[in-house]
Each structure stands twice: as C-alpha cells, then as structure tokens.
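Student: Got a minute to walk through this one with me? Before we start, I'd like to be clear on what counts as buried.

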Amino acid sequence: MPFDEPEIDDPQELVGVELPGDETVTREMAEAFADEFAQIGYTRPQILGLFRRAEYTGAHQAWTLLGEEAIGRLVDESLAVWGRVRYVVTDGVADGAVPEPLRLFRPRS
Amino acid sequence: MPTVKNWQLGRDMNYPYDARFPSRQFAFVFNINRCIACQSCTMACKSTWTFSKGQEHMWWANVETKPYGGYPQWWDAKILEKLEDANPGGQVWGGTPADGRDGPYGTFEGQTIFEAARQTLTPDSARVLGYLPTDEEWNYPNIYEDNPIGKRGVRNKLDETGEKLPVHSTWFFYLARICNHCSYPACLAACPRKAIYKRPEDGIVLLDQAECRGYRKCVEACPYKKSMYRGNTRTSEKCIACFPRVEGTDPETGGEPMETRCMAACIGQIRMQGLVQMADDGTWAEDRHNPLYFLVHVAKVALPLYPQFGTQPNGYYIPPRWVARPYLRQMFGPGVDRAIENYVSPSRELLAVLQLFRRSNRIIYKYEIQEGPKIYEGSLHGRKVELYNDTVIAFGKSGREIFRTTVEEPIHVRPNTHANSI
C-alpha cells in the first residue's frame, strides 16, 4: 500500500506516462465482462452487481464512465444471447449411483 | 553451451544443459477476459503454502494490474529493457504465425535471456541475463494499483471515499501469474548448487531446500521473478504446483489427479490446468482431445507469456480482447491477432471446450463432444453467434467420466394463481 508520498527524484516513479484509451476501449472491456459472466450463468442483477461494486475496479470504472443505463444495455445484449440457455453439469458417478445434475446459477424465474 | 529446440520461438537456442523432457508437462490456460482481480487465487495459495514467518513477501500466485502494475514492481519492464540494451533494435519476430506445432508464432530473431547473457555478462559462469529486485520492489504486491486503501496513518480501515479516485480513461487488464514451470527454466540454469530440478513425471520445477544455500541466483535469473528468497531460512522458495494434488497423493484427491489450489479457487472460472503429453523433441505430442492441447494448438487462442525470454513457459493466456494490440504482441508474441479473432468468433468446438473451465477440480485428460441441435442463431456486437445443445464430457486419468455439461433451455412454469391466463 502506498502510504508514502511519491518521491519526485526517484527515476523509477511513473510520471506522465500516457496510456491511450477512450470510451470505445472502456465499452469493449465492459462488453467482455458482460459476455463472459453471462456465459458462465450469472443473472442480470448478479452481473450488474459486479459492475456496481467498487472492489472490482475494472468493471466499476466502466460503470462509472458509461453509467448504469449503458451498462444495463450491454448486459441485456449479452443475456439476449447467452442468457437463453442454462448449463447443466452432471458429475460422473460410481456404478449404481444416481447422477445429480447441477443447474448453474441461473434461476428458473 | 548446448543447443536446444524452443518450439515457441520457432528455432534452436542456447541453454546451459542438454534438453530433457518429462513424459507429461504441467501446463495451464488462463482466460484473461474473465479475470476481475478478486484475488481468490492469491489468497488460496497464500493460506496454503506461504503463511509462515519469513514468507510475508511471498506471493507464489498473484494478480497484477497491467500495464502499470507488477510483482515485484516493474519485473517485466526491467528484463525487457535489459534485453533491449543487450540487443538494441533486434528483439523482433520474423516470419508469420503458422499452423504447425513447431514455431506457431513465427521465428523470434532476437536474443533470449540465455543468449544475451553470453554476450553481455562476465564472468563466464553467469549463465542468464537477469537482475535482483530490490527489497522495495518486493514490498507491495499491488503498489499503486487500484485497491482501495485507508487514510494515511489509519490502520485496518478503508477510506470511506477511497474509491472516488480520479478516473482515467485508459485500458488495463488483470494478469494472474504463477510459476510457469518452464521447459527450460532460468532458475534451474542459474543455480550453482544444482538444487533446482524438473520432475520427469510431470515437469514441475522444484527447489530442493536441503541443497539450497540461498545464493539467490535463481531469483536473479527467473525473468518472471517467481523464485523468492526467504531471509529466516536463508534459502529460496518457489511455487511447487501443489504437487500432492497433481500427483493424486493428497488425501482429498482420492487418488485422482487434482488441479492446484489457485485453479480450484478461481471464482471467475478463468483457469484450467492439466498435464500435457510431450513428444521426444520437446513439442507437445498430438493429443487432439486434451483441452489444453486444443486451446493452444488447434483453436490457437491461448498464448505463452513473454515467449521471447526463451524459457518456453508452460503458462498460456487467452489475451484480453479490448487491449492495445502492440502491447499484447510484446507480451504474448505475434499470435495475438489470430488468438483474439478466434476467441471473439468462437468455433462450435471452442464454445464447448470453454464450458470445461472450472466445472470440476479434477484434472481433465480428455474430452468428448456429443453434438446436439442448433438452438440459437443471431448476432452479438456485430458478430454472428450460433449456440448448440452439445454435450461436453470430461474424462480423468483413469478414463473415468468426471462430469458432463449440457445445455438446457429455460422452461417457464406458469404460477398457479394465473394458471388460465394467456
């Protein structure tokens, strides 16, 4: 944790380094997070919750820059494709046992 | 110095020892597109292996924010700069990415850390170009990164408005890292005690604590800085790839090889780890239905981290699709454009294999796909998407089925109170 003030004469300090980026990059990053978490079965409130939380800084920065409404639209676009299905994982079982499918995350209603 | 074949570089290179390859190699794929830096992997490793006195600075698994973060600080920028100084303007790739297993990313025309060492270092016994990070660089796993912190002087309490830092419009991503258990380990090459060895059964690189005298040559040599010195034992330590789990000798495994702690703890489901078959020449033997082989050599979406260092690392990454391509090409080599293209427009098989990530903590040796009907066709972000109800079945070491993943379309059950409504 950077409790000390930056040392101006330290040649290793990052000073004025430009990393080009704009709204397009932020939107692409937000799209990627929305797609990925929609694919692994998260619901709309769960994905939006991820964006709202300050601890998940990448997602949260996109939410701050683009706003709740724009992020909501991205999430809806992702869920319109990936939210159509639910992945069901069934563990292999020993002979004679009954397999118990695990329906991942996404509730029925 | 012997010559060995490095398939990631598409050419032979110098290495202090003759090539020796394990029958299977510990390897992993991380999908960076999914990583949100929750640090579950970091803490799973820390709480298992490095919680003791003298290990406070040891983060065998860590997640850093790129491009400005790193643990130790500036580890990659520093070694890249040293290589550039040794071979100004010459650290470039030639050729074009190809389809074969040998040289799939073209040919690296620059110098590896082993080759640069021969020309720039004295005495002759110095085998690897590297550097020893300072104590300050080891101090903070996430210095200047995006973690909320407390007010200065106030311990154990987050700043209540700490998240309201200036928002910079820039790109960044999270890079999860562990030891790459390289095929040509720099740590092993540099150790004057020969205390570091690569296991013939799984290629895991271990550091013999009884042999180590703490010279820190491995710390200096490892370009990924994943060997760390412990002051109170005066020896160095490194990631052991949770080998009791990988062997299947940990009581929890029930004899079936199990993925490492950092893999199993991943809530973003970005990680898959396995044991790939090796050919006699050090390339991966053809194993079409091993998921790691598929991701690296067939779908070509997973790429090695800084292959130009020359250690032939066994950690592979699906690069983040939103990041500036020149930066990604430097980090993952010239295969980046093809990898991202293949990932954003996934094949039917790739979509199925991505469903194998983190469905079980057992190591998957083989998968099988039972094709089902197409259930959706449309577009997303301007690209065509097709979904199939395919069943993906994962098999373990013994050939026994570990699990299967199917797709289920939602069924809407009308509530009783409106049973007859339209």
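Tutor: Sure. A residue is buried if 20 or more other C-beta atoms lie within 10 Å of its own. Keep in mind that this is a predicted model.

Student: OK, which residues of helix 1 of chain B are buried, then?

Tutor: The buried residues there are C41(B), T42(B), C45(B) and K46(B).

Student: And why do they line one face of the helix?

Tutor: Looking down the axis of helix 1 of chain B, the buried residues fall within an arc of 130 degrees, so they line one face. The general background is that an α-helix has 3.6 residues a turn, so residues three or four places apart point the same way.

Student: What covers the buried residues of that helix?

Tutor: The cover for helix 1 of chain B includes strand 4, strand 7 and helix 8 (261-264) of chain B.

Student: Let's take strand 7 of chain B. How many of its residues are buried?

Tutor: Five of five, across residues 173-177, so to speak a mostly covered strand.

Student: Which of them point which way?

Tutor: F173(B), L175(B) and R177(B) point one way from strand 7 of chain B, while Y174(B) and A176(B) point the other way, and all are buried. As a general rule, side chains in a regular strand alternate between the two faces of the sheet.

Student: How does strand 4 of chain B run relative to strand 7 of chain B, parallel or antiparallel?

Tutor: Antiparallel: strand 4 (residues 62-66) of chain B is joined to strand 7 of chain B by five bridges. One of the pairings is between K66(B) and F173(B), the latter being the partner in strand 7 of chain B.

Student: What's the peptide bond after K66(B) like, cis or trans?

Tutor: The bond from K66(B) to P67(B) is cis, with omega near 10 degrees. P67(B) lies in the loop between strand 4 and helix 2 (75-86) of chain B. That loop between strand 4 and helix 2 of chain B also holds P72(B), and the peptide bond from Y71(B) to P72(B) is cis as well, with omega near -5 degrees.

Student: Switching topic: what about backbone oddities such as positive phi at Q39(B)?

Tutor: Q39(B) has phi near 65 degrees, a positive value in a residue other than glycine. Q39(B) lies in the loop between strand 3 and helix 1 (40-49) of chain B.

Student: Why does Q39(B) count as buried?

Tutor: Because Q39(B) has 20 C-beta neighbours inside 10 Å, and the cut-off is 20 or more. K300(B) is another residue with a positive phi, about 55 degrees, although it is not a glycine. K300(B) lies in the loop between helix 9 (291-298) and strand 13 of chain B, and with 20 C-beta neighbours inside 10 Å K300(B) counts as buried.

Student: You mentioned strand 13. What order do the four strands of its open sheet come in?

Tutor: The order is 12-3-14-13 in chain B, and the pairing is mixed. The edge strands are strand 12 (271-277) and strand 13 (303-304) of chain B, each pairing on one side only.

Student: And how do strand 3 and strand 14 of chain B run, parallel or antiparallel?

Tutor: They run parallel, with four bridges joining strand 3 (residues 24-31) of chain B to strand 14 (residues 315-318) of chain B. Among the pairings, F30(B) has Y317(B) in strand 14 of chain B as its bridge partner.

Student: Zooming out, what does chain B come to in secondary structure?

Tutor: Chain B comes to twelve helices and 19 strands. Of its 422 residues, 47% count as buried. The C-alpha trace of chain B spans about 85 × 60 × 50 Å along its principal axes.

Student: What's the radius of gyration of chain B?

Tutor: Chain B has 23 Å, and a compact globule with 422 residues would have a radius of gyration near 22 Å, which agrees.

Student: And chain A, which elements does it have?

Tutor: Chain A has three helices and two strands, running α-α-α-β-β from the N terminus on. Buried residues make up 29% of the 109 residues in chain A.

Student: Last thing: what are the confidence scores, ipTM and pTM?

Tutor: The model scores ipTM 0.81 and pTM 0.89. Chain B averages a pLDDT of 91, with 92% of the residues scoring at least 70.

Conventions:
Residues numbered from 1 in each chain as written. Chains lettered and ligands numbered in written order. Predicted model: local features only at pLDDT ≥ 70, side-chain atom pairs only at ≥ 80, totals over all residues. Rg over C-alpha atoms; globule rule 2.2 N^0.38 Å. Buried ≥ 20, exposed ≤ 12 C-beta atoms within 10 Å, placed from the backbone. Pairing = 2+ DSSP bridges. pLDDT = per-residue confidence, 0-100. Arc of directions from axis to C-beta. Contact = placed C-beta atoms within 7 Å.
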